[in-house]
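User: I would like a close look at one part of this model, the packing of its interior. Please keep the answer plain and connected.

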Amino acid sequence: MWKKSTIVILVTGVFWLTAFDPRSPSALPELPERVSKTFEPVVVLELFTSQGCSSCPAADALLKKVKELGDSQVFTLSYHVDYWNYIGWTDPFSQPQYSKKQALYNDKFKYRSNYTPEMVINGSRHFIGSDASRLAAEIGQQKKVRTPNAIALTELKRKSATLNFSYEVSGELTGKNIRAVLVLDEKTTKIGKGENRNRSLTNSNIVIAEKMLTLSENKGKNSITIPGIAIPGDKIKLVLLVEDSEYTITAAAGSSIEQS
């Protein structure tokens, strides 16, 4: 069972040896075909998590494991929700808009409520975030599906706390938007209260800012503000996602920026 309140989900060491073997069989249903099969597949993983949730560290560790594989087709994002803060520990990365974002996904999935840890893949499926075998199977399937769009970061410049960027999108633009996501590479936090008190938790690819852009032309320029939670010396990354009106992700690109 997964945790919605206090049940702990454990991922055993054995999973690490087998979960990401591309030869592993999958019993998942076939994915519906997309409109176009023009561009290379991408896999965007969005983990909804919280430092106040005792079931989440296993999912955080799994996301970190995927990140460290270094697969250029796979993008990992960690969204920290705020609805666990009431139990005593305020997650420093939590934002109410991330809880609302999760609710929009679950409304799309016709799922009754938010839960943690929840993994959303390409904005089209969701499952328990610490389920390593399910994650490996889903990644394997999505890497076979070509996408109707592609996006490239053509310029990236930082000026003080502002990150300026240019982009170019290929494919059909009708009904599409760009989501600019700023992520913090990794942070370890000593937890003082709540379900994870006295633990040191490591989170990776933490979303610290997000901005929606209307996509009307295939080329454009924009900017995003780097929040103060990213301190000098932190490694940050800008990820650009193309998504349709149903929040399905159809393209992704990213680039790292060293904090001075």
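How many residues does the largest nonpolar core have, and which of them have the most contacts inside it?

Analyst: The model is a predicted one. Its largest nonpolar core has 26 residues. Ile151, Tyr167, Ile178, Leu182 and Leu238 are those with the most contacts inside this core. Two or more residues of the core come from each of the strands β6 (162-171), β7 (177-190), β8 (200-214), β10 (235-243) and β11 (249-258).

Isoleucine 151 shows how these parts meet. Leaving aside residues up to four places away in sequence, Ile151 touches Tyr167, Glu168 and Val169. Its contacts also include Ile178, Leu240 and Val242, and the run Ala251, Ala252 and Ala253.

Isoleucine 257 gives a second view, from strand β11. Its relative accessibility is 10%, and the residue therefore counts as buried, the cut-off being under 20%. With residues up to four places away in sequence again left out, Ile257 touches Leu156, Leu163 and Asp234, together with Lys235, Ile236, Lys237 and Leu238. Leu238 is also one of the residues with the most contacts inside the largest core. Measuring between C-alpha atoms in the model, Ile257 lies 10.0 Å from aspartate 185, and the two are 72 residues apart in sequence.

Apart from the largest core lies another, of 21 residues, and Val44, Cys56, Tyr79 and Val81 are among them.

Aromatic pairs add to the picture, and a search of the whole structure finds seven of them. One joins phenylalanine 48 and tyrosine 79: the ring centres are 5.4 Å apart and the planes stand at 20°, so the pair is stacked. Phe48 belongs to strand β1 (residues 43-49) and Tyr79 to strand β2, so the pair ties together parts that are 31 residues apart in sequence. Phe48 is buried, with a relative accessible area of 0%, and Tyr79 also counts as buried, at 0% relative accessibility. Another pair, tyrosine 111 with tyrosine 115, is tilted, with 5.3 Å from centre to centre and 55° between the planes. Tyr111 counts as partly exposed at 22% relative accessibility, whereas Tyr115 is buried at 4%. Ring pairs also link Phe48 and Tyr79 with Tyr98, Tyr105, Phe109 and Tyr247 into a cluster.

The interior also holds some empty space. One cavity of 30 Å³ or more is found in the whole structure, and the volume of the largest cavity is about 30 Å³. Leu47, Asp60, Leu63, Ser78, Thr202, Asn203 and Ser204 line it. Strand β8 gives the most to this lining, with three residues, and α2 likewise supplies at least two. By class, the lining of the cavity has two nonpolar, four polar and one charged residues.

The second largest pocket contains about 320 Å³ of space. Its lining has 17 residues, and Lys67, Asp71, Val74, Asn205 and Lys237 lie nearest its centre. Lys237 is also among the contacts of Ile257. At least two lining residues of this pocket come from each of α2 (56-68), β2 (74-80), β7 and β10. By class, the pocket lining has seven nonpolar, five polar and five charged residues.

Conventions:
Residues are numbered from 1 along each chain as its sequence is written. This is a predicted model: local features need pLDDT of at least 70, side-chain atom pairs count only at pLDDT 80 or more; totals for chains, interfaces and linings use all residues. Side-chain values use heavy atoms; hydrogens and water are left out. A nonpolar core is a set of buried Ala, Val, Leu, Ile, Met, Phe, Trp, Tyr and Cys residues joined through side-chain atoms within 4.5 Å. Buried means under 20% relative accessible area, exposed over 50%, partly exposed in between (1.4 Å probe, protein chains only). Helices (H or I, at least four residues) and strands (E, at least two) are DSSP runs, numbered from the N terminus. Contact means heavy atoms within 4.5 Å. On a 1 Å grid over the protein atoms alone, a cavity is a set of points where a 1.4 Å probe fits but cannot get out, and a pocket is an open set with protein on both sides within 12 Å along at least five of seven lines; lining residues have an atom within 4 Å of a point. Grid points are joined across faces, edges and corners, and a volume is the space filled by probe spheres set on the points. Ala, Val, Leu, Ile, Met, Phe, Trp, Tyr, Cys and Pro count as nonpolar, Asp, Glu, Lys and Arg as charged, and the others, Gly among them, as polar. Rings of Phe, Tyr and Trp (its six-membered ring) pair if their centres lie within 6.5 Å; planes under 30 degrees apart count as stacked, over 60 as edge-to-face and the rest as tilted.
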